[in-house]
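I opened my notebook to record what I looked up, entry by entry, with the sequence and the structure side by side.

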Amino acid sequence: MASGNKSDNAGPSVSAQEALDFHANGRPGKLEINATKPMATQRDLSLAYSPGVAVPVLAIAEDPSRAFDYTTRGNMVAVISNGTAILGLGNLGALASKPVMEGKAVLFKRFADVDSVDLEVDTTDVDAFINCVRYLGPTFGGINLEDIKAPDCFIIEQKLRELMDIPVFHDDQHGTAIIAAAGLINALEVTGRDKKTTKLVCNGAGSAGIACIELLKSMGFAPENIVLCDTKGVVYKGRAEGMNQWKSAHAVETDARSLADAMEGADVFFGLSAKGALTPAMVQSMAKNPIIFAMANPDPEITPEEVAEIRTDAIMATGRSDYPNQVNNVLGFPYIFRGALDVRATTINDEMKIAAARALADLARQDVPDDVAAAYRGNRPKFGPNYIIPVPFDPRLISAVPVAVAKAAMDTGVARRPILDLDKYANELSARRDPIASTLQRIFDRVRRQPKRIVFAEGEEEQMMRAAVSYVNQKLGTAILLGRDDIIKENARQAGVDLDKPGIEIINARLSRRNAIYADYLYERLQRQGFLQRDCQRLINNDRNHFAAAMVALGDADGLVTGVTRNYSTALDDVRRAIDAKPGHRVIGVSIALCRGRTVLVADTAVHDMPNAEQIADIAEEAAGFARRMGYEPRIAMLAYSTFGHPAGERSERIQEAVKILDKRRVDFEYDGEMAADVALNPRLMQQYPFCRLSGPANVLVMPAYHSASISTKLLQELGGCTVIGPLLVGLNKPVQIVPLNAKDSDIVNMAAIAAFTAGA
């Protein structure tokens, strides 16, 4: 597959070792299987397998459609490849394609809650591949073909669509076509063009290029105005060299023979080819307000910077995440399959593809919600030349695209299970989102737009060095490693970490020109707490947390991350000698817990051992503010072992008093307590208390004490399979995050990004 055919994997550069470590650490690969039904007792097993399983078996034998009711088929997609066109790497074989196919399965789950299994078919024989896949139909609700070379992919997809009664979709073709079409709809709107008269040149006659022009023609673009080019030039009527039936279908009557000829006066360029294919001279020859979609990855046919040097009136899109208007397949395939699966569609037809493209185009024209705007650090994107395609972390995608696809499937008669209430369906889709992953994505994207200088205080540790490299590779800003130069460099050499790159700085505290200034600053703060000048100088010289905290306090860095080599409370004590709480705020720890797609914030998980009523009220307010910064509207439950006075106890009375304090403060968020955790999280149990103030299950839990917060989050993590991020330090005047002892480099990067995200907030 040509590099232009893949656009869902564009993004910040990573080192080879980083990539290998990511895939190898812990359980190798990126997928596992979890049971969705309880398996704790003998009765559970009897229902799951023999003898209980015989009942659904007989039901399905009687009526095959019941397989959607009693099995995973209705939410299961197979990601299938033979590895003949892996990314831009070529034919490396079925086994080598497995990391990519696992990744595709992860994206299905992450963005649209579609379960997926990757299948690598070890054959380059088209008929053998078709015969293998066709017999898998009873297992899956859809087939996503991936990384199959042209023209084999055309034959395989067409034949499987004829043989199977479930959607078969080659994403390398149609995914790119749908996203590009969405962007083009909006680009035509911005430039005032009519699709019937627009002249378009597509360079690249592989699977994505052919799919793009086929979809555009289905949408009403005039065939005579679309010129297809390949490495041999224009695909014109009568050409014999390098032709096949798919190219011939798009041959036009024209005197143009080269790409340069075709580009003269062209309104639109679609590039699905290779770096440098489009020259500045070709761009100069285009019509007024040219539209250039340079979609080759990782390097586009021409960069926006190159175009800007010669044209100020161009609209550009690429496959890259570091430029505006990214043509990213992840905007399409998860949501298209979501809609198709939910109506049990027999196929994905042109009408469904066009509906997806139009839904994406419409979304880009709407006002951007706060949680998308947050990624732009106050520079809210607005429909126009630099915003014609939605961004992948837009939370509205899940409720916009599947609904449009499902409706088109119903309108065209390919839906076996029509949805009667599309508004209700849209609400149900929104509930499927994974807020933690979405929040982290928003954080990373916003930091990339305003990179920050972050101090990695324990710079001699391997995981800190790896995290620093990753931070820089992901274009989040500058990473400052604190430690002895020779030790850091030797440890890096032994670990195979390359620190010799722009964006990584090494600072030795003893040799820093700011050393004396930091010591004076610390002495001014601590002189009335029993510290002598030489004590403060010693702390600055020898303790990296104190040096790093002084750096941040005096504005020489934007934030810091520490904690790998010492426990949380010790690190916090170090930092607080140099950095105060924000005026009017209380320093707390907040953990983010994600269990089966449900997100809950837990506070205080780091600072207050046994808070009194006033402190509990403060914790609730601080947690509510943090929740809003993360994009959630807080519903706070203040927890205890009791619920609304039963059983009574001293600790519960503190919670009751905290509620009264919040009442007096007239805060602007939902809160109630005291209540047990099950009542706070289970809407059925909550209904037993009609006077409860919460409008739904709590998403912020305020714990009665640090010990209960710490115990509960660790239990969730170890026994409940939850993902727990944190504790995140909230309320300090400067961004500081403390990771757990021996944290992984990926955890450190997340914390560093969060510190950068909150810098200046």
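I began with F456 and asked whether this residue is buried or exposed. Its relative accessibility comes out at 0%, and because buried means under 20%, F456 counts as buried. I noted beside this that I am working from a predicted model.

I then looked up Y471, which counts as buried because its relative accessibility is 0%. F456 and Y471 form an aromatic pair, with 5.8 Å from centre to centre and 70 degrees between the planes, and I entered the pair as edge-to-face. F456 belongs to strand 11 (residues 452-456) and Y471 to helix 20 (residues 462-473), and the pair links these parts of the chain across 15 residues.

Next I turned to the aromatic pairs in general, of which the structure holds 11. For F108 and F337 I wrote down ring centres 5.4 Å apart and planes at 80 degrees; planes over 60 degrees apart count as edge-to-face, so this pair is edge-to-face. What does the pair tie together? F108 sits in helix 5 (residues 98-112) and F337 in helix 14 (residues 333-342), so the pair joins parts that are 229 residues apart in sequence. I found both F108 and F337 to be buried.

I followed these rings further and found that F108 and F337 form one aromatic cluster together with F169 and F333. Over the ring of F333 sits the charged end of K104, 3.8 Å from the ring centre. Elsewhere in my list of charges over rings, R257 lies over the face of Y236, at 3.7 Å from the ring centre.

I also checked the record: an unreviewed UniProt entry carries the annotation "binding site" on I86, L87, G88, L89, G90, N91, L92 and G93. Of these I looked up G90, which lies in the loop between strand 1 (76-81) and helix 5. With a relative accessible area of 22%, G90 is partly exposed. Setting aside neighbours within four places in sequence, I found G90 in contact with G83, T84 and A85. L92 lies in the loop between strand 1 and helix 5, and with its neighbours within four places in sequence left aside, L92 is in contact with G83 and I86.

Last, I looked at the domain assignment, which gives domain 1 (61-166), domain 2 (174-412), domain 3 (442-578) and domain 4 (588-731). I closed the entry with the C-alpha centres of domain 1 and domain 3, which lie 48 Å apart.

Methods: Residues numbered from 1 in each chain as written. Predicted model: local features only at pLDDT ≥ 70, side-chain atom pairs only at ≥ 80, totals over all residues. Heavy atoms only, no water. Domains from an automatic or database assignment. Phe/Tyr/Trp six-rings, centres within 6.5 Å; stacked < 30°, edge-to-face > 60°. Helix = DSSP H or I, 4+ residues; strand = E, 2+ residues; numbered from the N terminus. Buried < 20%, exposed > 50% of the residue type's maximum accessible area, 1.4 Å probe, protein only. Lys NZ or Arg CZ within 6 Å of the ring centre and 35° of its normal. UniProt positions renumbered as here; feature names shortened; annotations may be inferred. Contact = heavy atoms within 4.5 Å.
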